[in-house]
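Subject: Structure for you to look through

Hello,

I am handing over the structure we talked about, and below it I have written out what was found, so that you can follow each point with the model open. Please take your time with it.

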Amino acid sequence: MTASGGRRRGGDEGAASVGRDVVLAVGLVGICLGGAAVFVRTAAGLGGGVPVMPVVTMVVLAAGVALARWSVAPARRRSPARGPGSRGPAVGPGTPPPAAPPAVGAQAEPEAAGIPEVGSDALDHAAVDADGFEHTVAALCARDGCPQVEVVGGAGDLGADVIATTAGGLRVVIQCKHYGEGNRVGSQDLQRFGGTCFAVHEADVAVVVTTSAFTAPAAEYADACDIVCVDGDALAAWTESRTPPPWEAAAVRLEERAQGVAGA
């Protein structure tokens, strides 16, 4: 409804209310006059000496009081007030209008994604437990330019411990294995991760990082599925910035593969 339509509707409702009040006031005056006439006629028939003028004067005064009450009542009804279900303050002259509600479908501004701390202590993989290792790997991703990094490891993570987005827009899904030197990552670990990293987590680059090493079958499976394996030595080199982050080599392979498909 337009603003002019709202004002016209409000004026129509106000006029209808005034009309009803006028009818009620006229009816009240008529009843008073009729009752007074019946009273005077009855008194005259009985021979009583009823003073007519004082009675008429009282009737007129009563009608005047009723009209005066009616003239004040609409002003009270039209004064700004809150309805029974209203929780906001009454709006009157000089009161600033309330803030406009957000548009339907509008979304709140997203908060800035938290970037992990990248100090020297945050990169000490040996000083943390399995959960802390996920955060040290996330810190490495943040240090090497990933604008979005999130630690998602936990119950029901389906193999993803860290999810990062590189500056070039690649989605990197990382599984972290904080193992001792004698406990190597086997092929079953790689197979479970290979079943979810691309199909479920939609990774552009899938990475398994461990503080130990990989078995030969695990390395073969990873190579066949394009999963990047980072063992303890490679992790140390990455942490010390002696080698580029693991997604860079994978990005080169992806580009070469895309060019080969385009050339075919």
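Both Arg242 and Glu240 are exposed, and these two residues form a salt bridge in which the closest N and O atoms are 2.6 Å apart. Please keep in mind that this is a predicted model, and that a search of the whole structure finds 3 salt bridges, the pair above being one of them.

Another salt bridge joins the side chains of Asp189 and Arg192, at 2.7 Å from N to O. These two residues are 3 apart in helix 4, which means that about one helical turn separates them. Are the two partners buried or exposed? Asp189 counts as buried, because its relative accessibility of 12% falls under the 20% limit, whereas Arg192 is exposed, with a relative accessible area of 54%. There is also a salt bridge between Arg143 and Asp144, where the closest N and O atoms are 3.0 Å apart; here Arg143 is partly exposed, at a relative accessible area of 28%, and Asp144 is partly exposed as well, at 25%.

Helix 4, where you have just met Asp189 and Arg192, also packs against another helix. Its axis and that of helix 5, which covers residues 216–224, come within 7 Å and cross at roughly 25°, and because angles under 35 degrees count as roughly parallel, the two helices are described as roughly parallel to each other. On the side of helix 4 the contact is made by Ser187, Leu190, Gln191 and Gly194, and on the side of helix 5 by Pro217, Ala218, Tyr221 and Ala222. If you sort the residues of this contact by character, you will find 5 nonpolar, 3 polar and no charged ones.

Next, please turn to the interior. In soluble globular proteins, nonpolar side chains tend to be buried together. The largest nonpolar core of this model has 24 residues, and those that touch the most other members are Cys141, Val149, Ile174, Val207 and Val209. Several elements supply at least two residues each to this core, among them helix 3 (130–143), strand 3 (171–177), strand 4 (205–210) and helix 7 (246–263). Which helix gives the most to this core? That is helix 3, with 7 residues. If you would like one residue to start from, you could select Ile174, whose contacts, not counting residues up to four places away in sequence, include Val137, Cys141, Phe193, Val207 and Val209. Apart from the largest core lies another one, of 14 residues, among them Val185, Phe193, Ala218 and Ile227.

Finally, a few residues in loops deserve a look. Thr196 lies in the loop between helix 4 and strand 4, and Thr196 is nevertheless buried, with a relative accessible area of 13%; leaving aside residues up to four places away in sequence, Thr196 touches Leu158 and His201. Asp226, in the loop between helix 5 and strand 5, has a positive phi of about 60° although it is not a glycine, and at 28% relative accessibility Asp226 counts as partly exposed. Ser241 likewise is not a glycine and has a positive phi of about 60°, and you will find Ser241 in the loop between helix 6 and helix 7.

With best wishes

Terms used:
Residues are numbered from 1 along each chain as its sequence is written. This is a predicted model: local features need pLDDT of at least 70, side-chain atom pairs count only at pLDDT 80 or more; totals for chains, interfaces and linings use all residues. Side-chain values use heavy atoms; hydrogens and water are left out. A nonpolar core is a set of buried Ala, Val, Leu, Ile, Met, Phe, Trp, Tyr and Cys residues joined through side-chain atoms within 4.5 Å. Buried means under 20% relative accessible area, exposed over 50%, partly exposed in between (1.4 Å probe, protein chains only). Helices (H or I, at least four residues) and strands (E, at least two) are DSSP runs, numbered from the N terminus. Contact means heavy atoms within 4.5 Å. A salt bridge is a side-chain nitrogen of Lys or Arg within 4 Å of a carboxyl oxygen of Asp or Glu. Axes are lines fitted to C-alpha atoms, for helices over the stretch in contact, and angles run from 0 to 180 degrees between N-to-C directions. Angles under 35 degrees count as roughly parallel, over 145 as roughly antiparallel, 65 to 115 as roughly perpendicular and the rest as oblique. Ala, Val, Leu, Ile, Met, Phe, Trp, Tyr, Cys and Pro count as nonpolar, Asp, Glu, Lys and Arg as charged, and the others, Gly among them, as polar.
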